[in-house]
Amino acid sequence: MRKLSTARRYARRMLATGTAVLGAAPVLAQHEQHLPVAPTPVAEAPQSEHVQHAGHASPSNEAMSVTDAEHAAAFPDLSDMRMRDMMLMDPLNKLVLLDELETRRASGDDSLNWDLDAWIGRDLGKLWVRSEGERRGTDTERAELELLWGKSVARWWDLVAGTRSDFAAGDTNGWAAVGVRGLAPYRFEVEATAYLGSGGRTAFRVETAYEVLVTNRLILEPSFDLDWSGRTDPTRAVGSGLANAELGLRLRYEVRREIAPYVGIMRERTFGRTADLVRAAGGVADDSRFVAGIRLWF
């Protein structure tokens with residue numbers, strides 16, 4: 001009997017313990033999310049650094065702020081600094097371009113013409129030397145020499161100023177020159193120069209050219225030039241107003257970048273008083289010529 005009563009007491013204790021555990025289960029479930037959870041042994045794809053740190057707290061505004069001294073060091077004020085002071089290296093360069101050395105041929109009248117353009121200097125300042133002229137047989141019909149100082153004033157544009165000397169048989173004239181040269185929109189090369197001579201003589205010249213790349217070596221270049229004179233000069237067969245215009249079309253092949261033979265055609269026409277003076281001297285006021293020559297630079 002004593003053994004039976006002991007077994008019964010043990011059974012009651014076990015039943016009470018089980019009842020207590022079952023009663024505490026809801027409470028444990030409510031706090032389960034607050035307990036540390038052991039890592040799951042299942043392999044997972046590696047996360048990016050951004051995802052790994054997504055839960056980190058963002059830096060405060062105080063940590064992200066930039067002081068005035070730091071801003072000034074990163075973005076200095078350059079308003080009073082000249083462009084040449086911003087350039088770490090500005091080497092001395094030079095170029096000699098014999099743009100035209102050609103024979104112009106018409107019926108019974110041939111001439112040798114040249115157009116030379118050279119400069120030496122740096123990016124923002126150059127000394128320009130320009131020369132052009134025409135020879136017939138052993139006589140120099142006309143020759144010009146210009147010495148100009150060029151100053152960069154805008155992207156692709158230079159302001160030039162200097163002197164021009166005209167040479168002809170038994171006569172030499174001097175001019176002061178000022179103008180601009182550079183690349184107009186659509187890559188048109190433009191030279192526009194105004195001249196002031198002794199006795200109030202004035203003149204103006206515009207020269208334009210455009211290069212069409214047919215192939216990497218074959219280049220078609222149309223050109224158009226205008227000359228205007230402020231007064232009549234009978235000794236040079238130049239009248240006041242629009243004096244003459246020249247339209248050219250040249251096709252060159254660059255054997256090397258520095259050597260390019262070419263052929264083409266050009267038409268020259270004089271106007272107004274200049275045309276009258278040319279005819280009086282036995283010349284032709286409207287003329288078309290075949291040209292062949294070579295273009296060199298070094």
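Me: Why is Leu95 called partly exposed?
Reply: This is a predicted model, and in it Leu95 has a relative accessible area of 24%. Buried means under 20% and exposed means over 50%, so a value of 24% puts Leu95 in between, as partly exposed.

Me: Okay, and where does Leu95 sit, and how far is Leu95 from Ile120 in space?
Reply: Leu95 belongs to strand β1. Its C-alpha is 6.6 Å from that of Ile120, with the two positions 25 residues apart in sequence.

Me: What makes Asp99 and Arg295 a salt bridge?
Reply: The closest N and O atoms of the two are 2.9 Å apart. The cut-off is a Lys or Arg side-chain nitrogen within 4 Å of an Asp or Glu carboxyl oxygen, so Asp99 and Arg295 qualify.

Me: Which parts of the chain does that pair link?
Reply: Distant ones: Asp99 is in strand β1 and Arg295 is in strand β13 (residues 286-297), 196 residues apart.

Me: Is Arg295 buried or exposed, and how do you know?
Reply: Its relative accessibility is 12%. Buried means under 20%, so Arg295 counts as buried.

Me: Where else does the pair Asp99 and Arg295 turn up?
Reply: Both line the largest cavity, along with Glu100, Glu221, Arg250, Arg252 and Tyr262. About 60 Å³ of space lies in there, and the structure holds one cavity of 30 Å³ or more. As for elements, β1 and β11 each supply at least two of the lining residues.

Me: What makes the lining one nonpolar, no polar and six charged?
Reply: Tyr counts as nonpolar, while Asp, Glu and Arg count as charged. Tyr262 is therefore the nonpolar one, and the Asp, Glu and Arg residues of the lining are the six charged ones.

Me: Why do Glu132 and Arg142 count as a salt bridge?
Reply: Their N to O distance is 3.4 Å. The limit is within 4 Å, so the pair passes. Glu132 is in strand β3 (residues 125-136) and Arg142 in strand β4 (residues 139-154), ten residues apart.

Me: Why do Glu132 and Arg142 get the labels buried and partly exposed?
Reply: Glu132 has a relative accessible area of 16%, and buried means under 20%, so Glu132 is buried. Arg142 comes in at 29%, which falls between the 20% and 50% limits and therefore reads as partly exposed.

Me: What network includes Glu132 and Arg142?
Reply: A network of salt bridges links them with Glu134, Arg136, Glu144, Arg164, Asp166, Arg205 and Asp227. Across the structure, the count comes to 28 salt bridges.

Me: What makes Arg256 and Glu258 a salt bridge?
Reply: Their closest N and O atoms are 3.6 Å apart, and the cut-off is within 4 Å, so the pair counts. Arg256 has a relative accessible area of 51% and the limit for exposed is over 50%, so Arg256 is exposed. Glu258, at 26%, lies between the limits and so is partly exposed.

Me: Why point out the phi of Tyr186?
Reply: Most residues other than glycine have a negative phi. Tyr186 is not a glycine, yet has a positive phi of about 70°. Tyr186 lies in the loop between β6 (171-184) and β7 (188-197). At 71% relative accessible area, over the 50% limit, Tyr186 is therefore exposed.

Me: Where is Ala237, and what is its phi?
Reply: Ala237 is in the loop between β10 and β11. Its phi is positive, about 55°, although Ala237 is not a glycine.

Me: Which residues make the nonpolar surface patch?
Reply: Phe204, Phe224, Leu226, Trp228, Leu242 and Leu247 make a patch of about 510 Å². Two elements, β10 (218-229) and β11 (241-253), give two or more residues to the patch. The largest share, three residues, comes from β10.

Me: Why is Asp110 called partly exposed?
Reply: Its relative accessible area is 37%. That is neither under 20% nor over 50%, so Asp110 is partly exposed. Asp110 lies in strand β2 (residues 109-122). Its C-alpha is 9.1 Å from that of Arg289, 179 residues away along the chain.

How values were computed:
Residues are numbered from 1 along each chain as its sequence is written. This is a predicted model: local features need pLDDT of at least 70, side-chain atom pairs count only at pLDDT 80 or more; totals for chains, interfaces and linings use all residues. Side-chain values use heavy atoms; hydrogens and water are left out. Patches are made of residues with over 30% relative accessible area and no salt bridge: like charges are joined within 9 Å, nonpolar side chains (Val, Leu, Ile, Met, Phe, Trp, Tyr) within 5 Å. Accessible areas come from the Shrake-Rupley method with a 1.4 Å probe; for residues, only the protein chains shown count as cover. Helices (H or I, at least four residues) and strands (E, at least two) are DSSP runs, numbered from the N terminus. On a 1 Å grid over the protein atoms alone, a cavity is a set of points where a 1.4 Å probe fits but cannot get out, and a pocket is an open set with protein on both sides within 12 Å along at least five of seven lines; lining residues have an atom within 4 Å of a point. Grid points are joined across faces, edges and corners, and a volume is the space filled by probe spheres set on the points. Buried means under 20% relative accessible area, exposed over 50%, partly exposed in between (1.4 Å probe, protein chains only).
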